[in-house]
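Please work through the exercises below with the sequence and the coordinates open beside you. Each task is followed by a solution that goes step by step.

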2 protein chains.
Amino acid sequence: MLLNGLRVVTERMPHSHTFSVGFFAGVGSADETEKINGSSHFLEHVLFKGTRRRNPEEISAAIESVGGELNAYTTKEHTCFYARVLAENSDLAVDVLSDMITSSVIRTTDVQAERAVILDEIAMHGDDPVESVQEMVSDHLLPHPGLGLPVIGTEESINALSRQQIVRHWRRSYHPGSIVVAAAGQVDHDHLVEQLAAIGDFGDPAARRRVRAGGFGEAGPQVIADRRPFEQSTVSLAYRGPGIFEAERFPIGLLSVILGGGMSSRLFVEVRERRGLAYGIEAGETSYTDHGLWSVDWQSAPDKVEEILELVRHELAGIAEDGVTEEELVRAKGQMRGQTVLSYEGPQSRMSRLGTAELIGDTRTVLQLLDEYDRITSDDIGKVAADLLSRPPVLALVGPRRPSRRLEKLIN
Amino acid sequence: MLLNGLRVVTERMPHSHTFSVGFFAGVGSADETEKINGSSHFLEHVLFKGTRRRNPEEISAAIESVGGELNAYTTKEHTCFYARVLAENSDLAVDVLSDMITSSVIRTTDVQAERAVILDEIAMHGDDPVESVQEMVSDHLLPHPGLGLPVIGTEESINALSRQQIVRHWRRSYHPGSIVVAAAGQVDHDHLVEQLAAIGDFGDPAARRRVRAGGFGEAGPQVIADRRPFEQSTVSLAYRGPGIFEAERFPIGLLSVILGGGMSSRLFVEVRERRGLAYGIEAGETSYTDHGLWSVDWQSAPDKVEEILELVRHELAGIAEDGVTEEELVRAKGQMRGQTVLSYEGPQSRMSRLGTAELIGDTRTVLQLLDEYDRITSDDIGKVAADLLSRPPVLALVGPRRPSRRLEKLIN
């Protein structure tokens, strides 16, 4: 940690020729109220619109002219600005990113132009059935205000946000104490720290506050359908799941692998290989700091939805009753370990893991997490499957048909 | 090249812990007639359905249980089966892939199950406005039969394909002379060659034939619209472009970068940064062995399409008239070089480049190609812009509105 409170985490990969760096701010839509919903994402957009030293073209040209990548994303819990460049351009990347984060000018005209762009983005998300279904699930299973709000905001909130509100959100959410800088690849930690120390203080931490106090919505099982003239139905069967620090994430992670974590998973084999009912089907958890979701997701012909849902509930009930086989357990642990190692091959994924873990104070290494998975038994997985089944599910659907009675029955 | 005619290309990356391998067969939808359209992709699906030694679950479980990735894709000109594993599992990956390609059983029941899956996939593509627009462009600007046919086939051709036709397509398209094996990462070339030599002969090259004799469609400028109830319009302004071996690809590649190759490109700055008319806009070429396409693509509110199209034509005409600035040229060459180097950081992208280049007999190295780009002048780019403008464009649209008269006028 630097004198000003900024945290810096790095991993040097001696044989790498590239440098990946991310500035992670601990703010996202979970920190917003309905009224300012979408302000973290809106802010991310306007921080590209020019600083005291660079106009917007100069920001992107600085990185793009050396072939680098400069981008940003906003999630429910954090906002990340990142760059990936050849090692020789590392100073430039750090300079451009810190300039954007600390010294943007945020002009009213830029706020207006980006407002139009974000309204287009909302329309694009609305046109996408997969994003629509995910939003329906989050809205129903996560707390409001807080995690249940959409990252991008709503047409109403985006139209109402003023430049002043966005600037205030920036000043109180971006200060040395809220930011983690993570870098991986050909990185010199001491040099990076020196460069960052020169930034000095910024933002207004005194004004900072967190929301995250929202409550959960209705309790019973629910079918939520959005009828739209697509050929296929997009479906998510979702339950509340564990947060990042909850022990339940380990058995639930293996349950996901065994049930729907690849082409050898139970549901893929049943639904795709044996019956040709859908192109694919997946199970998986989405974990946030304090809460999470677990879901099974697929796209299929509208008249196949009931049959697939029956198979999903049947397999889940089977595991709740009998656990999983020894062979499945060994295979799932091997898959978890191998996939994790493979996924951290490049500097960019390591940078991302370093930054997000530091941001939420998760001090466990990847290998420690893998060891936790290794301790899980078939019984643990059976218990977590039974526990999931005891929670009220949400079945979210986007597609051409009205949900049938049979469908309503199946989830009750 | 092995005694049986199989070509093997590898790149050893001494510090890598992983192994990426791909089996590239030189067959895709460009080799099909309308009648058997989709058979290359259908074949790719059924080669996952079991061999003499492994049932389908065993195929995927073999790779997934060690955390590896096993997948395949079909393009217009080739089909690739690939795996990515930890170095210690390299023999296994090669064994599974060669087993699938040479010794699949292709049962009638599997053909039936996959037919249903592919019909779902066709429906999914149809629901996606971006894929729909690309298909409309290919259909109108590329030859029929040949490159103009969709990779996935049509509902009609997929319903009509018999097991026998698929098996025949396999026997004549998959033989040692048609396949390239490429590997990168922690790879031992001699060991791989030894393992592959043991496969022996397979397939029936005598039955092989290539189609690719199709003609081009109508000549004039065209607006092709598919009216669908989306909120946003998805648009592609497309022209015929160069094939992989044509010299025109070098000036056209730099034109793409300068016009729409990132956040500092002319169109992004005009359309997104200055006017907030769309979330993004891109220009780029798609090159096949003998032909290609060049297009500008975006999604926007339906009432912004004309204004954006005017800006696109205006910028293109401006470059045709005046060329590009020295600063733009230098920046674009730097961007091309840096992006290329960064994109080949990992073993998987190198494997993929090795395999596809060998397949079509492209012996130029990436650095040689970059040198070609470096030789391009502002005049060359102006000429290629003027040349594009002299070709009849296709404007493909998917969205809620009927194309306006003004739009028709703008492309004529």
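The exercises that follow concern a predicted model, and they go from the interface to helices and then to salt bridges.

**Exercise 1. The interface**

Task: Describe the interface of chain A and chain B by its contacts, its buried area and its salt bridges.

Solution. Step one is to count the residues in contact, which gives 54 residues of chain A against 55 residues of chain B. Step two turns to area: the two chains bury about 5000 Å² between them, and 56% of this lies on carbon and sulfur atoms. Step three considers charge and polarity, where the rule finds eight salt bridges across the interface, together with 31 residue pairs in polar contact, both residues of a pair being at pLDDT 80 or more. Step four assigns the side of chain A that touches chain B to its elements, and those that give two or more residues are α2, β4, α4, α10, β8 and α12 of chain A. Of these, α4(A) gives the most, with nine residues. By class, this side of chain A is made of 23 nonpolar, 17 polar and 14 charged residues.

One example of a salt bridge is that between the side chains of B:Glu57 and A:Arg274, at 2.6 Å from N to O.

**Exercise 2. Two helices of chain B**

Task: Compare the span of α4(B) with the expected value, do the same for α12(B), and list which residues of α4(B) are buried.

Solution. For helix α4 of chain B, residues 108-127, the 20 residues should span 28 Å at 1.5 Å a residue, and because the end C-alpha atoms are 29 Å apart, the two values agree. For helix α12 of chain B, residues 326-343, the 18 residues reach 26 Å from the first C-alpha to the last, close to the 26 Å expected.

The buried residues of α4(B) are B:Asp110, B:Val111, B:Ala113, B:Glu114, B:Arg115, B:Val117, B:Ile118, B:Asp120, B:Glu121, B:Ile122, B:Ala123 and B:Asp127. These buried residues pack against α10 and β8 of chain A, and also against α1, α5, α6 and α7 of chain B. In α12(B) the buried residues include B:Leu329, B:Lys333 and B:Met336.

**Exercise 3. Salt bridges within chain B**

Task: For the pairs B:Arg53 with B:Asp99, B:Glu248 with B:Arg391 and B:Asp371 with B:Arg337, find where the partners lie and whether they are buried or exposed.

Solution. In the pair of B:Arg53 and B:Asp99, the closest N and O atoms are 3.8 Å apart. B:Arg53 belongs to the loop between α1 and α2 of chain B and B:Asp99 to helix α3, 46 residues apart. B:Arg53 is exposed, with a relative accessible area of 52%, whereas B:Asp99 is buried at 4%.

The side chains of B:Glu248 and B:Arg391 meet at 2.6 Å, N to O. B:Glu248 lies in the loop between β7 and α9 of chain B and B:Arg391 in the loop between α15 and β10, so this pair ties together parts that are 143 residues apart in sequence. With a cut-off for buried of under 20%, B:Glu248 counts as buried at 19% relative accessibility, and B:Arg391 is buried at 18%.

For B:Asp371 and B:Arg337 the separation is 3.3 Å, N to O. The pair links helix α14 of chain B, which holds B:Asp371, with helix α12 of chain B, which holds B:Arg337, 34 residues apart. B:Asp371 is partly exposed, with a relative accessible area of 35%, and B:Arg337 is partly exposed at 29%.

Terms used
Residues numbered from 1 in each chain as written. Chains lettered and ligands numbered in written order. Predicted model: local features only at pLDDT ≥ 70, side-chain atom pairs only at ≥ 80, totals over all residues. Heavy atoms only, no water. Contact = heavy atoms within 4.5 Å. Buried area = accessible area lost by both parts, 1.4 Å probe. Salt bridge = Lys/Arg side-chain N within 4 Å of Asp/Glu carboxyl O. Polar contact = N/O pair within 3.5 Å; in protein donor to acceptor, adjacent residues only side chain to side chain. Helix = DSSP H or I, 4+ residues; strand = E, 2+ residues; numbered from the N terminus. Nonpolar A, V, L, I, M, F, W, Y, C, P; charged D, E, K, R; others polar. Expected span 1.5 Å × (residues − 1). Buried < 20%, exposed > 50% of the residue type's maximum accessible area, 1.4 Å probe, protein only.
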